[in-house]
Amino acid sequence: MSGYQLAENVSLAGRNTFRVAARAAMMADVSRADALAGLFEFAMLREGPVLVLGEGSNLLFAGDFPGVAVCLTMAGVGIVQEDGGSALVRAEAGMNWNDLVGWTLARGLCGLENMALIPGTVGAAPIQNIGAYGVEVGEFVETVEAFQRDTGQVKRIAATDCGFGYRDSLFKRESERWVVTALELRLPRERDLRLDYAGVKEELAAMGIATPRAVHVAEAISRIRTRKLPNPAVLGNAGSFFKNPVVDAATAETMKAEHPLLPVFPGSDGQRKLSAAWLIEACGWKGFREGDAGVAAQHALVLVNHGQASGAQLLDLARRIAASVRERFGVALEPEPRIIGARFDTP
Ligand code: FAD
Ligand code: EPU
């Protein structure tokens with residue numbers, strides 16, 4: 001048993017949530033982490049481009065992928081250690097993230113509730129340090145297990161060495177080097193719930209929940225997300241297309257003085273995050289459509305594929321959006337999804 005299966009010239013259209021057409025020269029489905037060392041002995045993987053592909057919910061294919069797409073299918077989960085107050089949960093990379101959230105909540109563990117319904121795999125979660133409604137996965141990661149291409153070994157990397165930041169990590173910065181194979185998360189049995197993000201308390205009240213538990217928060221956030229974001233199964237998209245721009249406090253104050261309605265959020269190290277959605281909407285893009293490439297009618301930060309848009313068309317639209325925000329507000333927008341087959345080049 002090699003632990004992997006290879007196929008040539010594979011369509012990626014059903015493997016990215018933008019649902020754009022693209023092909024990979026080769027695809028490797030991997031069912032065991034210890035098979036990676038053997039797989040990466042092949043010259044094509046040792047020397048050529050490799051794309052670790054999860055559920056494709058944070059990717060834009062602007063062209064075909066000329067190398068090997070590696071998909072991890074192992075999806076085991078379990079509690080590896082437990083004390084009175086918390087448990088250490090180990091989940092393998094191929095598990096669906098929202099299934100893991102549900103699995104932990106069903107066992108009375110909390111922490112992941114604010115990140116309910118984020119699409120994608122467990123293995124991708126640390127790549128951009130997924131986050132939502134005031135919580136990021138990095139807060140709970142104890143160890144990331146990852147295959148290191150240059151040494152051919154699976155390493156255990158402590159959270160403090162993962163370089164987690166806002167939509168950022170060591171693994172994202174060194175995307176050619178790491179294949180994340182599993183995560184270990186330390187989850188408490190009780191904690192103060194984080195309910196401060198706009199709309200969460202209101203949603204709980206609308207559900208008739210006076211004393212919320214973590215499962216209720218997950219349900220409230222799932223409801224908000226379902227209303228606010230287009231469902232990729234219905235309308236192709238990759239969630240937020242741009243990161244919220246991070247600026248220093250003085251710049252944020254100047255901008256707020258000029259544009260009093262601009263939402264400004266606290267960032268790390270005294271910095272501020274500006275709402276990219278607001279900047280894009282102010283430039284008139286919300287609901288825009290040209291051919292099948294467009295901007296969601298319900299959220300200005302979400303680019304959508306109405307049917308047959310190509311990755312190149314979506315990328316062209318993204319560039320025009322960023323250029324207009326730059327011209328009107330002097331702020332650079334940086335894409336959140338990884339773009340395959342083209343460079344974005346922030347205007
Ligand atoms: P993919 O899209 O397949 O890959 C994304 C990147 O991670 C690529 O660079 C890929 O090479 C790399 N990668 C994937 N798996 C591995 C691995 N095992 N080892 C090494 N590299 C790997 N994100 C948030 O943070 N918060 C949100 O609230 C949120 N909401 C979203 C809503 C919608 C509707 C959509 C479509 C997306 C949203 N996203 C959000 C983005 C997306 O869900 C996350 O980035 C998710 O982690 C991507 O998982 P994936 O398995 O689809 O990864
Ligand atoms: N807004 C607009 N116009 C819009 C939509 C929103 O002006 O069309 C304003 C709202 O008024 C609100 C602000 O933008 O004050 C923030 O909106 P929202 O709460 O929807 O959050 P966001 O900043 O747009 C971020 C993440 C999301 C995450 C939510 C909730 C980024 C790039 N995006 O979006 O993550 O789910 O917060 O925490 O940080 C993703 O990464 O793909 C993603 C969906």
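**Surface, fold and two residues of strand β12**

The accessible surface of the chain comes to about 15600 Å², and 50% of this area belongs to carbon and sulfur atoms. The structure is a predicted model, and every value reported here is computed from it. Of the 347 residues in the chain, 48% are buried. The charged groups comprise 36 positive and 40 negative charges, and the mean positions of the two sets lie 3 Å apart.

The radius of gyration of the chain is 20 Å, which agrees with the value near 20 Å that a compact globule of 347 residues would have. Along the principal axes, the C-alpha atoms fill a box of roughly 60 × 50 × 35 Å. Secondary structure consists of nine helices and 20 strands. When contacts between residues at least 6 apart in sequence are considered, 63% join residues at least 24 apart.

One of the sheets is open and has three strands, in the order β14-β16-β15, with antiparallel pairing. Strands β14 (246–247) and β15 (264–266) form the edges, each pairing on one side only. Strand β16 spans residues 272–274 and runs antiparallel to β14, to which two bridges join it. Within this pairing, Val246 stands opposite Lys273 in β16.

Two residues of strand β12 were examined individually. This strand covers residues 178–188 and includes Thr181; Val180 also has its place in β12. The relative accessible area of Val180 is 5%, and Val180 is therefore classed as buried, the limit being under 20%. Thr181, with a relative accessible area of 3%, falls under the same limit and is likewise buried.

The contacts of both residues were listed without counting residues up to four places away in sequence. On this basis, Val180 touches Leu72, Ala93, Gly123, Pro126, Ile127, Val144, Glu145, Ala146 and Phe171. The C-alpha atoms of Val180 and Arg156 are 9.9 Å apart in space, the two residues being 24 apart in sequence. Thr181 touches Ala33, Leu36, Leu72, Met74, Glu92, Ala93, Glu145, Ala146, Phe147 and Val154. Leu72, Ala93, Glu145 and Ala146 appear in the contact lists of both Val180 and Thr181. Thr181 is thus a buried residue whose contacts include Ala33 and Val154, while Val180, also buried, has Gly123 and Phe171 among its contacts.

Methods
Residues are numbered from 1 along each chain as its sequence is written. Chains are lettered from A and ligands numbered from 1 in the order in which they are written. This is a predicted model: local features need pLDDT of at least 70, side-chain atom pairs count only at pLDDT 80 or more; totals for chains, interfaces and linings use all residues. Side-chain values use heavy atoms; hydrogens and water are left out. Helices (H or I, at least four residues) and strands (E, at least two) are DSSP runs, numbered from the N terminus. The radius of gyration is taken over C-alpha atoms; the globule rule is 2.2 Å times the number of residues to the power 0.38. Buried means under 20% relative accessible area, exposed over 50%, partly exposed in between (1.4 Å probe, protein chains only). Contact means heavy atoms within 4.5 Å. Accessible areas come from the Shrake-Rupley method with a 1.4 Å probe; for residues, only the protein chains shown count as cover. Lys and Arg count as positive and Asp and Glu as negative; His and the chain ends are not counted. The place of a charge is taken as NZ of Lys, CZ of Arg, CG of Asp or CD of Glu. Two strands pair if DSSP finds at least two bridges between them.
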